[in-house]
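Please open your viewer and keep the selection panel handy. We will go from the whole chain to its interior and finish at a single loop residue.

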Amino acid sequence: MEPTLRDVRYGPHERNVLDVYRASSVSATPVFLWIHGGGFHSGDKSARGPSLVPLLSSLGISLVTTNYRLSQHAIYPAPYHDCRRALQFVRHHAASWGLDGSRIAVGGGSAGAGMSLWLAFHPDMADSESDDPVERESTRPLCVYTSDGQTSYDPRFIQKHIGGKAHHTVAVGDGPVD
């Protein structure tokens, strides 16, 4: 299925784009914002999320899939802030897209799950004093769905409570660096 709106820019980076799959309805539809996984170093909005369109559409729910900066573009917390901005951007434009900005759920797999949970449990990051109207929008989702999410990204917590290798090995220069 083709998106209703493709590669809508919500921020300045080339990966700050989202797709909107609007469910057929005469009224504004609730929204599910899907955040892709990929360990913060790979992945794309076109993977897995669009497969949810038939189910969500049959329930009268529109889907938005988003990209964010990966670790090779910007380090933590940049991807989190990109997803925050995407949620605020969707909420800001919801009415003009035929969506219900008061009924937005977020979800994702793996890294996307982590960012979805961060949005859900983080205090609202709306900035009522901002000159940017998008930043004035709430960052609170109505509900959250995640799959394959991590309990923590803190290697000390992982080592203590879960065990095993608590970090990724990254190849840099001539050899791996832990």
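## The whole chain

The protein chain exposes about 9400 Å², and 56% of this comes from carbon and sulfur atoms; accessible areas come from the Shrake-Rupley method with a 1.4 Å probe, and for residues only the protein chains shown count as cover. Before you click further, note that this is a predicted model, in which local features need pLDDT of at least 70 and side-chain atom pairs count only at pLDDT 80 or more, while totals for chains, interfaces and linings use all residues. Residues are numbered from 1 along each chain as its sequence is written, and side-chain values use heavy atoms, with hydrogens and water left out.

Select all C-alpha atoms: along the principal axes they fill a box of roughly 55 × 40 × 30 Å. The radius of gyration of the protein chain is 17 Å, which agrees with the value near 16 Å for a compact globule of 178 residues (taken over C-alpha atoms; the globule rule is 2.2 Å times the number of residues to the power 0.38).

Now switch to cartoon. You should find 4 helices and 8 strands, in the order β-β-β-α-β-α-β-α-β-α-β-β along the sequence. These are DSSP runs numbered from the N terminus: helices are H or I with at least four residues, strands E with at least two.

## Into the core

Next, select Leu-18, Tyr-68, Val-90, Trp-97, Met-115 and Leu-119, which touch the most other members of the 28-residue largest nonpolar core. Such a core is a set of buried Ala, Val, Leu, Ile, Met, Phe, Trp, Tyr and Cys residues joined through side-chain atoms within 4.5 Å; buried means under 20% relative accessible area, exposed over 50%, and partly exposed in between (1.4 Å probe, protein chains only). Colour helix 2 (78–97), which gives the most to this core, with 8 residues.

Which residues does Val-90 contact, leaving aside its neighbours within four places in sequence? Show Leu-18, Val-31, Val-64, Trp-97, Leu-99 and Ile-104 to see them; contact means heavy atoms within 4.5 Å.

Apart from the largest core lies another, of 7 residues, among them Trp-34, Leu-56, Leu-63 and Ala-105.

## Last stop: a loop

Finally, select Glu-14, in the loop between strand 1 (5–9) and strand 2 (17–21). Is this residue buried or exposed? Glu-14 is exposed, with a relative accessible area of 61%. Add His-41 and draw a C-alpha to C-alpha distance: the two are 15 Å apart in space and 27 residues apart in sequence.
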